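Biologist: I should like to learn how the features of this model are to be read. Could we proceed one feature at a time?

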Amino acid sequence: MPLMPYLENISPAKLTPVSRIRRWWASQSPHRQDRFAMLAPLAAVMLFLVAILSAFAYLRFEEIAREREAIHRDVEYTQQRLRLRLLEQQEQFMRFSREVASREISHADFVARAEAFTTQYPELQSLTWMDEKQRVRVSFDPSGEVSRLLKSEASSAQDSQMLINFKLTRDLLIPIYSSPRKDTEGTTRLQLHLPVIDKTRFKGDLLAQYSVDGLFRYGIPDEISSKYAVSFHDADGKVLAGSLLKEKSLTRHLLPWANPINAYELPISPIGNGLTIRGQAYRTSPGVIGSALFWLVIVLSAITAWLLLANWRHTRRRIQAQDALVRETAFRRAMENSMLTGMRALDMQGKITYVNAAFCSMTGWTEEELVGKTAPFPYWPDQDHDFLKTRLSEELAGQIQPSGIQFRVKRKDGEIIEARLYVSPLINAFGQQTGWMTSMTDITEPNRVREQLAASHERFTTVLEALDASISVAPLGSNELLFANKLYRLWFGTEAQGHLQLVAEAGVPALTIGDESSDTVDVFAGLPTDHLADKEAESAEIYLGSLGRWLEVRTRYLSWVDGRLAQMVIATDITARRSAEEQAEIQAERAQASSRLITMGEMASSVAHELNQPLTAINNYCNGMVSRIKSQQITTEELLGALEKTARQAHRAGQIIQRIRSFVKRSEPNRSIASVATMVAEAMELAEIELRRRNVKLSQYVAPGLPNVLVDPILIEQVLLNLLKNAAESIDAAQRPTAQRLVKLRVAHALVEDKPVIEFMVTDSGQGIAPDVMARLYEAFYSTKPEGMGIGLSLCRSIVESHLGRMKAENLYNGEAITGCCFTFWIPNPDPQSAALIKRSEQLGFQVSP
């Protein structure tokens, strides 16, 4: 009777655990039952090995635990013995120190008592009495170690530790143990500092020095040292006395619990963590790994496991073969159903024997409706029957081209689509042709996209032909012209010479054309071109004499449709723009000259006052000389002195007039290498005239070592004079008291955006700039002065920006009150090579841009 129907008739509440397992097993599929059967031997082997190893591990862990308890007990016992021994000695030394403090013993008695102590306690090396100034009063030190330490206590860090312990003993008045250290002979020693107290007064230090080896030899019981490997360690874990056991790395790596060494470590009281005792148990039994029974069980277990694994391997291979067959069948079926290409098989007579899901989806007919059909097929359009019958005859005769044929397909719903059909012979497993295999692809959408691309290309070409710029594309290293629009053909014809001429005139280096340029293979094939195509286009302005036009030429690299590296050149006619720019430059020069004339006109009264002083002095000198000559009361030396003073005043007046004339006269822009200090000095010479008239003091600072700069000195002086004059007018308008009528000029190095510049800063103590005025500060023809024209600051900023600099203004505050204003502008500080290059470019007529 089958097991499953019988178990299904039983209520789940009445099933035993075994019955539940049987019911679950009967509910599994045969495939899963095979897998469980395959894994059963492997699970049995694993459970068997786990049980054996668990039993041995349990026995071994029990043995290790008993051994650990024993070593803990014995090490604690040894530590207690050492503690009592040290405390006993410490107590005797404390009584001895009290006798020393009360001066009840002499030096000879001290030495005798110390010698008795060393005899009683062999680990004691020396006993020394030092007074409160760390001077040795008396010492029993056969080795002389203490004397050596006291003489050189400042020579090493170890000896300074002895001084620290001495101070702790003095401050705390309690016994202090030092950390163990090695002497020059390699012997590890331990010091005990005991305070010598007379009533409550510190009288000195009783220094007892132990040998750690002696303490180990006489402090460790024999029954302990025979059972364990006992050793002393310092705070860093270094061995000071005794020996250590090393674990066997081989068995330790096989099993972590195979043969471990039980160890236990405790600090030695009252010394503390500076000295610890460690005990390690000797191995007296071979352990589990060394047991013959263990290896016998391991060998038998390995044989059993090998037999079970062989059975498991055979079962696994059989199931893997079955799974591979199922997966291969499922993969082929999934591949056929997921293909986007329609597949159709015909026999030698032209009857359909197979269609896939994609073919049915394209035609709209099911597999049952197509298989077994002969021509005319249901998916043939009625008007194409004759054409398709001819094609079918060619197909059955094997005359279809490898490129396939294009025809129309009528879907079941009447929709017509475009398709392309490819034919290949169908060969069976015996190498015999049994029919024809055809693949069909829907090309309706590609045809539509191709038509749209053609229309888009026509529109794009129309736009390029109508552009007012010449566009040409040519491959690098070749005279072939790949593309040229209408304006290029109008200017240069259909040859590539115009393209190459534009590239050469724009300054792009031409590539040498070698013999390989005539090859069909691109000479630049294989070179990376992505970064060239993404590079920003280069631009240059040139004058083409053959056309009589100024052209802006932009070039960039691109990958042509066939993969070759090409260069595109766009040339735009900018003759009208260049003419407008030249006119604008002329107007700007006129505005600058007019601004200087206006500035001198505003300073006319100050200049007249400045000239009046030397002219008045000349008049006085001349009248005085005439009067004294008439009265014959002047000597030749006096006459010469008066004439020299008259000449100096005339020279002074001439300098003022010459400076004003050179400032206001119109001249062509002339950039040259100029000294910053000279420009500042000449600007201040004119500005001081206005500042003295307004009773304003000028303070200047020009940093030493400023380099020469490539500027137009007259224009920079114009900017400085305008700013200084505005600063004086602002102070005068604010009616500041005499002590606050100050203008500061500072010229120094600065960094702007990590670039070196020369910074000019003009600071005044005037009334500042209102927020609404600040927003329109550089606007042309805007001024807050009743008689102002509003072109001063606008021209100043234009001059600074023409020198690749920047200008800014800001108010100065004291709390919320405005205390003045600061105008700052800077010009770049080029290196000598760059300055020479800029100068040469301007001489050749090129415009220098930031």
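**Salt bridges, a sheet and a surface patch**

Modeller: Salt bridges link Arg694, Lys725, Glu729, Asp732 and Arg741 in a network. Please bear in mind that the model is predicted.

Biologist: What is the general idea behind such pairs, and how many salt bridges does the count come to?

Modeller: Side chains of opposite charge can pair when their charged atoms come close. In this structure the count comes to 28 salt bridges.

Biologist: Which side chain meets that of Arg278 in a salt bridge?

Modeller: The partner is Glu265, with an N to O distance of 3.0 Å. This pair links distant parts of the chain, since Arg278 belongs to strand β10 (residues 272–281) and Glu265 to strand β9 (residues 263–268), 13 residues apart. Glu265 has a relative accessible area of 33% and is therefore partly exposed.

Biologist: Which parts does the salt bridge between Lys412 and Glu369 tie together?

Modeller: The side chains meet at 3.0 Å, N to O. Lys412 is in the loop between β13 (405–410) and β14 (416–427), while Glu369 is in helix α12 (residues 367–370), so the bridge ties together parts 43 residues apart in sequence. Lys412 is partly exposed at 44% relative accessible area, and Glu369 is partly exposed at 26%.

Biologist: Where do Lys410 and Asp382 lie?

Modeller: Lys410 is in strand β13 and Asp382 in the loop between α12 and α13 (385–396), so this pair ties together parts 28 residues apart in sequence. Their closest N and O atoms are 3.8 Å apart. Asp382 has 56% relative accessibility; the cut-off for exposed is over 50%, so Asp382 counts as exposed. Lys410, at 22%, is partly exposed.

Biologist: How should one read a sheet, and what is the order of the five strands in the open sheet?

Modeller: Strands of a sheet pair through backbone hydrogen bonds, either parallel or antiparallel. Here the order is β22-β24-β25-β27-β26, with mixed pairing. The edge strands, β22 (697–702) and β26 (806–814), each pair on one side only. From one strand to the next, the twist averages 20°. Strands β25 (residues 755–764) and β27 (residues 817–828) are antiparallel, paired over eight bridges, and Glu759 stands opposite Trp826 in β27.

Biologist: Which strands does helix α21 lie across?

Modeller: Helix α21 (residues 676–693) lies across β22, β24 (742–752) and β25, at about 175° to β22. Helix α22 (residues 713–734) also packs on the sheet, and its direction makes about 30° with that of β25.

Biologist: Which residues form the nonpolar patch on the surface?

Modeller: Leu293, Leu296, Val299, Leu300, Ile303, Trp306 and Leu307 form this patch, with about 740 Å² of accessible area together. Leu300 is in helix α10 (residues 292–338) and, at 49% relative accessibility, counts as partly exposed.

Terms used
Residues numbered from 1 in each chain as written. Predicted model: local features only at pLDDT ≥ 70, side-chain atom pairs only at ≥ 80, totals over all residues. Heavy atoms only, no water. Patch = residues over 30% accessible without salt bridge, like charges linked within 9 Å, V, L, I, M, F, W, Y side chains within 5 Å. Areas by Shrake-Rupley, 256 points an atom, 1.4 Å probe, with all protein chains shown as cover. Salt bridge = Lys/Arg side-chain N within 4 Å of Asp/Glu carboxyl O. Helix = DSSP H or I, 4+ residues; strand = E, 2+ residues; numbered from the N terminus. Buried < 20%, exposed > 50% of the residue type's maximum accessible area, 1.4 Å probe, protein only. Pairing = 2+ DSSP bridges. Axes fitted to C-alpha atoms, helices over the stretch in contact; angles between N-to-C directions. Contact = heavy atoms within 4.5 Å.
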